[in-house]
Every structure is written in structure tokens, then in C-alpha cells.
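Work through the exercises below with the structure open beside you. Try each task before reading its solution.

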Amino acid sequence: MDSGNLAGHLIAIANACEIWQTAGYLADPRVGIADTLNLARQTLKQASTLSATFTVQLSVQLEAMDTQLKGEVMSPVCLATIASLTHSTLNLARTPLNEHSDPYSEDLLFWLQALHDSVAQHCHDRETHLNIEESALALRLQQLADTTRRLALGMDFAFLLDSERHLLSIGYSLDDNCLDTSCYDLLASEARLASLFAIAKGDIPTRHWFKLGRAATPVTFGSALISWSGSMFEYLMPSLVMRAPGGSLLEQTNRLVVKRQEAYAAQLSAPWGISESAYNARDREFTYQYSNFGVPGLGLKRGLSADLVIAPYATGLAAMVDPSGACRNFKRLAEMGALGRYGFYEALDFTRSRLPAGEKVVIVRSFMAHHQGMTIAAIANTLHHGQMRARFHREPMIQASELLLQERVPRNVAIAHPRAEEVKSNASQTINEAQTIRRASTAASGPPVTHLLSNGCYSVMLTATGGGYSRWRNVAISRWQPDATRDHLGSFIFLRDAKHPGVWTATGQTAAHPAGALDEHSHALFAEDYARYSHRHDDITSHMEVLVSGEDDSEVRHLSLTNSSRHARDITITSYLELVLTAPSADNAHPPLPKCLW
């Protein structure tokens with residue numbers, strides 16, 4: 001997905017450089033300078049600690065700049081005058097503002113410096129443009145275009161295609177030397193840009209596009225494609241460079257999804273714009289945690305109604321669909337304190353389980369460059385009539401594949417109601433049920449760390465060192481006697497190298513742990529629906545996953561081995577457990593009996 005996004009934007013850059021060779025790349029700088037000037041003015045109004053005399057002096061200087069910007073023609077003389085004004089204003093303000101330690105004074109100095117740097121850079125660009133011959137400039141732009149296009153076309157997507165499912169895998173695992181078993185299988189996904197680019201490039205066949213899921217869910221005034229998490233990112237991020245032709249399935253989905261996001265937030269009396277983002281939870285290093293959030297009824301993911309996290313960058317993406325609504329929502333977010341020095345903050349968390357006492361919302365005060373960049377690109381598309389999309393679709397191979405995007409809404413379409421029971425639930429009253437993954441060392445030290453997997457009838461208990469038991473209802477499948485000092489009972493898989501002495505287990509229980517061994521090579525991961533043991537013995541790395549089937553009363557233990565040496569290895573695999581097949585109480589009363597029967 002990320003590679004496809006990078007490739008698509010590289011193609012847009014390549015075509016922009018080629019357009020600039022003939023159309024010119026130096027636009028009228030006054031609009032951008034005026035934006036920075038207005039930010040400085042707004043900050044000056046908020047800086048109440050400054051003296052009245054100093055405030056008037058700065059206002060006069062800023063007003064003089066504004067007068068110059070409103071001239072009919074932006075001549076080099078006019079730009080030089082503005083540069084002189086910004087320089088004198090900065091000299092006037094630097095000492096008094098440095099003497100004030102309040103945030104508004106710091107912000108005012110920041111914007112005055114940014115204003116000066118912006119004007120100085122525009123002056124430099126125009127001086128450079130006059131001193132460089134047209135042919136030399138065109139050559140430099142063409143070199144940039146060739147480099148970016150070569151980087152994009154150098155990406156190979158063919159190896160990521162699952163040959164049986166004709167879908168792109170979410171990635172390639174270097175540890176296992178194989179494709180990830182999960183695939184991007186929905187058209188309403190952030191990966192559709194990668195799919196279109198890979199098809200246009202010829203890396204994967206066109207039929208892959210029609211293998212992407214098109215299940216729809218009814219919303220007001222129509223039906224929209226279902227995504228995994230119902231987030232704005234999945235639906236609208238590809239539209240930064242990829243067109244959704246009017247009347248097409250993708251265009252209708254994007255339009256209805258934005259309306260659904262607005263309606264859902266209105267029900268909760270909150271600003272709208274739900275997408276994957278950071279939220280109000282931190283790790284031991286005080287780093288905000290990150291997850292995907294969406295609107296119930298639009299996504300297949302379970303528990304979407306458990307959280308209400310509003311990401312301002314989602315409003316930026318939606319500006320390409322509903323500019324007026326996005327402006328109103330941005331204004332509301334700013335009134336709630338979501339606007340910081342570098343733009344809007346990452347998110348506003350309304351989830352009750354993460355709110356301090358007496359608070360209605362917590363602002364996640366961080367900035368993610370990726371989200372800020374998407375906001376800028378989306379707003380630029382809105383103001384410049386889809387210029388980034390036009391650059392991407394200028395590429396001949398993309399034009400040859402545009403017909404895929406013209407797909408209309410089918411009359412007979414699979415209708416689904418994903419997690420319909422969550423649509424009517426109130427997110428602000430729901431306790432967060434985010435999945436937690438625990439990591440534990442497989443070395444036997446300290447109290448036992450346990451994990452339980454169950455489908456309601458069949459249960460498996462596991463310890464970090466690989467012990468445990470399996471039970472079906474009130475019948476014990478394997479023997480279990482709790483003993484924290486030994487942990488010797490359970491279902492084990494033993495491995496032995498035919499050419500080297502020694503036996504070890506897939507969980508590392510009987511393997512020797514040398515002093516200073518890195519825990520990253522021997523650990524257990526416990527998630528709500530699986531357990532995964534990773535262990536390294538010399539040059540052999542083993543990964544064993546344990547899960548309980550949700551459809552049948554059974555358990556699955558999947559073992560994979562990776563040989564990191566330069567020679568073939570002959571590994572003997574032996575599974576072992578002590579069968580009981582009776583009630584645990586009966587086995588504890590007379591342990592020898594099952595041994596005699598089995």
C-alpha cells in the first residue's frame with residue numbers, strides 16, 4: 001500500500017516537472033505571502049502582553065506589507081520592497097518578543113520569521129530564474145522528472161500478488177521469507193492506488209481489479225462500498241492523485257461516505273472526521289498510541305462504536321468532496337482548541353474510557369507529517385481543481401487504465417450490514433475494547449505468564465514457556481497439574497537436527513539460554529485470538545502459532561521453520577502430549593488409568 005502511494009505521487013511529481021518546462025513554475029507569490037501575513041496578524045491580536053506602542057508599530061509595518069501585496073502587478077521592485085519591510089519588521093520585533101516568554105510572543109516571532117524567509121526565498125527564486133538559461137532549467141526539470149519516474153517504475157509489485165486469490169498481499173515477511181497471508185481484498189481500500197498503478201505498469205493482470213470486494217451497505221440516498229474500518233483514510237486517500245469520475249461507483253461511495261460521517265458525528269454532538277490516528281493513550285515513553293477508527297455500519301472491523309476519535313486531517317481529505325462542510329468543520333475544530341502552531345493537532349479523543357474526570361474531550365497534541373501532508377495536498381486539489389490528480393493522470397500508462405475507474409454502480413450488488421448492532425450504539429458511552437497484545441519471554445523465570453484461548457466450548461490454556469492444557473467442555477484432552485516450579489505438562493513440539501546433537505522445542509522450553517541472549521529471538525506474543533511463539537536455535541528460527549477455531553471445536557498449531565545457514569538442514573519434528581480424554585477430576589483421582597488406556 002505504502003509503495004503504491006509513493007509510486008503514484010512520484011509519477012505526479014515527474015509530470016509536474018515536465019509541465020513546468022513549458023508552462024513555467026513561478027506562480028504569483030502574493031497569495032502565499034498574504035496567508036503568512038494574515039497568520040502573523042492573527043497572532044499579534046492574541047499577544048495581549050505586548051505594549052500598546054509596540055503593537056501599533058508592528059501593525060503599521062504589517063499594513064504597509066499588505067498595501068504592497070494588493071498592487072495590480074507583482075514586479076521585482078515591489079517584491080524587493082516587501083523584503084525590506086519584512087527585514088525591518090523582524091529587526092524591530094526580535095528583541096521585545098524575546099523578552100516575553102509567553103507562547104503568543106513566541107508564535108508571533110515564529111510567523112514574522114516565516115514571513116521574512118518566504119519573501120526572501122521568492123526573491124532568490126526570481127533572481128535565479130533570470131540568471132539561468134531556459135534550456136538549462138528545462139534540462140534540470142527533465143532530469144528530476146526522469147529520476148522520479150525511474151524510481152516509480154523500478155518498483156516491482158508482481159511478487160506481492162497471491163497467485164491463487166489474485167490479490168495483493170499486505171507485505172512480505174523477511175523473517176519467514178514468504179508473503180503475508182493477509183491480502184487487500186476490498187475496492188474501498190487505501191491500497192487501490194497501488195492496484196491501479198501495478199496494473200498500469202503491467203506487473204499484475206487486470207483481472208486483479210475485479211477480484212477486489214464490492215460489497216455495499218445501504219446509507220442515506222444510496223449505497224456505499226464497505227471498507228475494513230470505515231475510515232476516511234481508506235475511502236479518500238487515493239483521491240489525492242487518483243480520479244473518481246462523476247457518477248462512478250467510487251465517486252458515489254466517496255460522496256455518501258462523507259455525508260454518513262457528518263450525520264454520525266451530528267448524532268453524537270461532535271465534529272466529524274473519523275479516521276486512523278493517534279489517540280489519548282501513551283506507552284512507557286509517553287508516545288501516543290495509534291489505531292484505526294471509523295464509522296459503524298461502513299466497516300467490517302469489530303468494535304468501531306467503542307471509540308470516538310476525530311482526526312482533523314480527515315476533514316482535509318473530505319474537502320475534496322464537500323468543501324463548504326469541511327470549512328465549517330475546520331472552524332468548529334479551531335474553536336475547540338484543535339489548532340496549533342503547525343496546523344491542526346493530530347486528534348480529539350471523545351472516548352469516555354480515556355477521558356479525565358470532568359473532561360468532555362482530550363486533544364492529542366502531536367503532529368504527524370504524513371497527515372499534515374495529506375491535508376495540504378487535499379486542500380490544494382480543492383483550490384486548484386484537482387491539479388495533483390491531473391498530473392498523475394497525464395501519464396500515458398495511467399490513461400490507458402482509466403477505464404477501470406469508470407465502473408458504474410451495479411444494479412445487482414451484494415448488500416451487507418457490517419456490525420449492524422453497533423450502528424445504533426452510543427460511542428461516548430462505550431468502554432474501549434481495543435485489542436491488546438502481550439509479549440513475554442519464553443525463559444522460565446518468575447511467576448508463570450498464562451494465556452487462554454476459547455470459542456466457548458473448546459479451550460486452550462498456554463504459558464509463556466509452552467506448557468498448558470486443552471479442554472473440550474468438561475473433558476480434559478491433555479493432562480494438566482499446576483506446578484509453577486516445573487511447567488512440564490502440555491502439548492509440545494520437539495525438534496532435532498539429524499547431523500547435530502541436541503533437542504529443543506518450538507517454544508524454547510528445553511533449549512539452553514546462553515547468558516546475554518537477546519529476548520527478541522525467544523519470546524511469546526499473546527493476542528485475543530492467537531498465541532505466537534518465536535525461538536531461535538543456532539541458525540534455525542521457529543515460529544509456532546496456536547489458535548482455536550471459531551467454527552469447529554478444535555485447535556490449530558502451525559509451525560514454520562527458517563534456515564538462516566548456508567547449508568541444508570534435516571530437522572526431525574516430534575509432537576508430544578499426555579492424553580486424558582476424561583474429566584480432570586477423574587484424572588487427578590487416578591492418573592495411571594488413562595496411561596493404561598492410551
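A salt bridge is a side-chain nitrogen of Lys or Arg within 4 Å of a carboxyl oxygen of Asp or Glu. Keep in mind that the model is predicted.

**Exercise 1. A salt bridge and its surroundings**

Task: Find the salt-bridge partner of Asp-28, and say how buried or exposed each of the two residues is.

Solution:
- Step 1. Asp-28 pairs with Arg-30. Their closest N and O atoms are 2.7 Å apart.
- Step 2. Compare that value with the cut-off: the definition asks for a nitrogen and an oxygen within 4 Å.
- Step 3. Turn to accessibility. Buried means under 20% relative accessible area, exposed means over 50%, and partly exposed lies in between.
- Step 4. Asp-28 has a relative accessible area of 42%, so Asp-28 is partly exposed. Arg-30 is at 14%, so Arg-30 counts as buried.

**Exercise 2. Bridges between distant parts**

Task: Where in the chain do the partners of the Arg-354 and Asp-307 salt bridge lie? Do the same for Arg-569 and Asp-497.

Solution:
- Step 1. Arg-354 and Asp-307 meet through their side chains, with 2.9 Å from N to O.
- Step 2. Arg-354 sits in the loop between strands S13 (347-349) and S14 (362-364). Asp-307 sits in the loop between strands S9 (288-291) and S10 (309-310). The two residues are 47 residues apart.
- Step 3. Check accessibility. Arg-354 is buried, at 11%. Asp-307 is buried too, at 11%.
- Step 4. Now the second pair. The closest N and O atoms of Arg-569 and Asp-497 are 2.7 Å apart.
- Step 5. Arg-569 belongs to the loop between strands S25 (555-563) and S26 (571-576), and Asp-497 belongs to strand S20 (residues 492-497). The pair therefore ties together parts that are 72 residues apart in sequence.
- Step 6. Arg-569 is partly exposed, at 25%. Asp-497 is buried, at 3%.
- Step 7. Salt bridges can also share partners: Glu-18, Arg-149, Arg-394 and Glu-395 are joined into one network in this way. The whole structure holds 19 salt bridges.

**Exercise 3. The buried side of a helix**

Task: Which residues of helix H2 are buried, and what do they pack against?

Solution:
- Step 1. H2 covers residues 30-46, which is 17 residues. From first C-alpha to last, H2 reaches 24 Å, close to the 24 Å expected at 1.5 Å a residue.
- Step 2. List the buried residues: Arg-30, Ile-33, Thr-36, Leu-37, Ala-40, Thr-43 and Leu-44.
- Step 3. These residues cover an arc of only 150 degrees around the axis, so they lie on the same side of H2.
- Step 4. Recall the general pattern: an α-helix has 3.6 residues a turn, so residues three or four places apart point the same way.
- Step 5. Look at the face turned away from the buried side. Val-31 and Lys-45 are exposed there.
- Step 6. The buried residues of H2 pack against helices H3 (52-69), H4 (76-98) and H5 (103-131).
- Step 7. View the contact from the other partner. The cover over the buried residues of H4 includes H2, H3 and H5. Among those buried residues of H4 are Cys-78, Leu-79 and Ile-82.

**Exercise 4. The nonpolar cores**

Task: How many residues has the largest nonpolar core, and which of them have the most contacts inside it?

Solution:
- Step 1. The largest nonpolar core has 80 residues.
- Step 2. Those with the most contacts inside this core are Phe-197, Trp-209, Met-232, Leu-240, Leu-308, Leu-317 and Phe-392.
- Step 3. Zoom in on Leu-240. Leaving out residues up to four places away in sequence, Leu-240 touches residues including His-9, Leu-317, Met-320 and Met-374.
- Step 4. A second, separate core has 27 residues, including Leu-44, Cys-78, Leu-79 and Ile-82.

**Exercise 5. Pairing strands**

Task: Which strands pair with S22, and in what sense?

Solution:
- Step 1. S15 (residues 438-441) and S22 (residues 523-526) run antiparallel and are joined by four bridges. Here Arg-438 stands opposite Phe-526.
- Step 2. S22 also pairs with S23 (residues 531-537), again antiparallel, over four bridges. Ala-524 stands opposite Tyr-533 in S23.
- Step 3. A hairpin of four residues joins S22 to S23.

Definitions and conventions:
Residues are numbered from 1 along each chain as its sequence is written. This is a predicted model: local features need pLDDT of at least 70, side-chain atom pairs count only at pLDDT 80 or more; totals for chains, interfaces and linings use all residues. Side-chain values use heavy atoms; hydrogens and water are left out. Two strands pair if DSSP finds at least two bridges between them. Buried means under 20% relative accessible area, exposed over 50%, partly exposed in between (1.4 Å probe, protein chains only). A nonpolar core is a set of buried Ala, Val, Leu, Ile, Met, Phe, Trp, Tyr and Cys residues joined through side-chain atoms within 4.5 Å. Contact means heavy atoms within 4.5 Å. The expected span of a helix is 1.5 Å times one less than its number of residues. The arc is that of the directions from the helix axis to the C-beta atoms.
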